[in-house]
Amino acid sequence: MATPDPMTRTLLATLALLVALAAPASAQSSKKTTFTIKGAGFGHGVGMSQYGALGYAQNGWDAARILGHYYTGTSLGTTDPNKKVRVQLIGQTGSARISGARQAGSRKLDPTKTYVARRRALTEVELLQGNRRVAVFKAPLQVAGEGDVTTLGGVGSFRGVMELKPGTFSGLTVTNVVGLDDYLQGVVPAESPASWPAEALRAQAIAARTYAITTAKSADFDHYADTRSQVYKGVGIEQPSTNAAVADTRGQIVTYQGQPVVTYFFSTSGGRTESVENTSLGREPRPWLKSVEDEFDDVSPRHRWTTKLTMASASKKLGGLVKGSFKGIRVTRRGESPRIVSAEVVGSRGVSVTDGATLRARLGLFDTWASFASISGEKAEPTEGDGSGGTTAPPGFSALLRPIGVLRGDVIAGSRNVTIQARVNGRWVEVGTTKTRRGAYRWPTATPGTYRAVVGGAYGPAVRIG
């Protein structure tokens, strides 16, 4: 083994003193493991990134160019802006309070009064005002509001008509039947902030209009009023800027080879969208839903994110996917963005195969663009032949002297490269690197102190040596 020169010995002595002063007095010998998730984006990743559209608008792009970028090979067409859309506001309720109504079926109502609708029989709905029954109607009952606006208690005010009918087994369902562009006035400000540039809002209006006419959730209604379709909050959320975006793009839709196509959109891409066949939205490729670069998406607060969990909490969230004790997650296939297509949950008794959508739901992640790092660390006694251990270090530090201890542990992560840091004067300082062998790493050190392993920007536990 080489003998350090005087300058190297001075450097070593200084670092050793600093590490020793900074190290906690108590020894740490039991193995601990950290679990870190580093990710990008927010949403399913397919189609138009709303924050990306904001970034493009801020850089001078108009709505048509924005949409053409996200939906490959498409152009703009038109549809009837007055066609009806059916939005389920309540899936089941014992009764529904309605105000601002001027007519129920053929019967006139007083818009200043509040009425209560209830199921009467399998095919009937009764309407009450206070304790007085106003009438019994054959279902479905349609209620129209004064000025074309009706208020549904506890939900909001909506254009068009309210349609009430008995549920399949009990209660009532309430559906809003509304013109397409009137519907959009309650969608655009719920999906994109009204303060955003006009071209971003116009792109949102066109994408939302196209989505509305190309998707349907059931034979009874077209859309939910939440993220299962697109968020719809009615008159109460309307703003002049978003109403203008709907009016300026009246009837405009996205088409591919002359036909309207499904226009998925979401919050944040992380810098690249994903091809639809690599996600839970569809297994078949769609030529207009291809992965594209999203260069201005970094305006989003979710462009990059990090989540740290304890191994116990991660194991609990993953539930039956964990066999034995939880060790980590190994990604086996990524898409083009690169969002997770498939992965393995690694346990002490075996692995479970899963996908990105399941991991996102179980772990509460913003997106499936994620990487996982499980890093354990503990002190071990040096063994014959430890020497440098195949590690690299600053000249004269740690690996070049007879080791007094070894930092060792296991790593489940996408990288084999391990950086070793020491706690020096209240700061973590890089003191060398090594690589994993069969998922394990070793770092022999001649300097007492507190150390940790770093893999892919994720940190292992702090371990006291010496």
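Averaged over the protein, pLDDT (the predictor's confidence in each residue, from 0 to 100) comes to 91, and 90% of the residues score at least 70. This is a predicted model, so local features are held to a pLDDT of at least 70 and side-chain atom pairs count only at pLDDT 80 or more, while totals for chains, interfaces and linings use all residues. Residues are numbered from 1 along each chain as its sequence is written, and side-chain values use heavy atoms, with hydrogens and water left out.

Two stretches have low confidence. Over residues 1-29 pLDDT stays under 50, and the model has 44 contacts beyond four places in sequence for them, a contact being heavy atoms within 4.5 Å. Residues 395-400 also stay under 50, with 23 contacts beyond four places in sequence.

As for the overall make-up, the protein has 9 helices and 29 strands; these are DSSP runs, numbered from the N terminus, with helices being H or I of at least four residues and strands E of at least two. Of the 466 residues, 49% are buried, where buried means under 20% relative accessible area, exposed means over 50%, and partly exposed lies in between (1.4 Å probe, protein chains only). Among contacts with a separation of 6 or more, 68% are between residues 24 or more positions apart.

Turning to the sheets, one open sheet has 3 strands in the order 3-15-16, with antiparallel pairing; two strands pair if DSSP finds at least two bridges between them. Its edges are strand 3 (75-78) and strand 16 (259-260), each of which pairs on one side only. Strand 15 (residues 252-256) runs antiparallel to strand 16 and is joined to it by 2 bridges, with Thr-255 opposite Pro-260. Helix 6 (residues 198-214) lies across strand 3, strand 15 and strand 16, at about 65° to strand 15; axes here are lines fitted to C-alpha atoms, for helices over the stretch in contact, and angles run from 0 to 180 degrees between N-to-C directions.

Just past strand 3 comes Thr-79, in the loop between strand 3 and strand 4 (84-93). Thr-79 counts as buried because its relative accessible area is 17%. Its side chain makes a polar contact of 3.3 Å with the side chain of Lys-83; a polar contact is a pair of N or O atoms within 3.5 Å, where within protein one must be able to donate a hydrogen and the other to accept it, and residues adjacent in sequence count only if both atoms are side-chain atoms. Beyond its neighbours within four places in sequence, Thr-79 touches Leu-180, Arg-209, Ile-213, Gly-251 and Ile-253.

Strands 8, 9 and 10 follow one another through hairpins. Strand 8 (residues 114-121) pairs with strand 9 (residues 124-129) in the antiparallel sense over 5 bridges, and 2 residues separate them in their hairpin. Strand 9 then runs antiparallel to strand 10 (residues 132-138), joined by 6 bridges. That second hairpin also has 2 residues between its strands, and Gly-130 in the turn has a positive phi of about 70°. Leu-127 in strand 9 is the bridge partner of Ala-117, and Leu-127 also stands opposite Ala-135 in strand 10.

Next, the nonpolar cores, meaning sets of buried Ala, Val, Leu, Ile, Met, Phe, Trp, Tyr and Cys residues joined through side-chain atoms within 4.5 Å. The largest holds 65 residues, of which Met-48, Ile-66, Tyr-71, Leu-164 and Tyr-183 touch the most other members. Helix 6 supplies the largest share of this core, 9 residues. Another core lies apart from it, with 19 residues that include Phe-35, Trp-305, Leu-318 and Phe-326. Leaving aside neighbours within four places in sequence, Tyr-183 is in contact with Val-85, Val-87, Val-178, Ala-212, His-223, Gln-230 and Tyr-232.

Later in the chain, Gly-405 sits in strand 23 (residues 405-412) and is buried, at a relative accessible area of 0%. Gly-405 and Ile-465 are 60 residues apart in sequence, yet their C-alpha atoms are 6.1 Å apart in space. Apart from neighbours within four places in sequence, Gly-405 contacts Ala-380, Pro-382, Trp-443, Pro-444, Thr-445 and Ile-465. Thr-445 belongs to strand 26 (residues 440-445) and is likewise buried, with 0% relative accessibility. The side chain of Thr-445 also makes a polar contact of 3.0 Å with that of Tyr-451.
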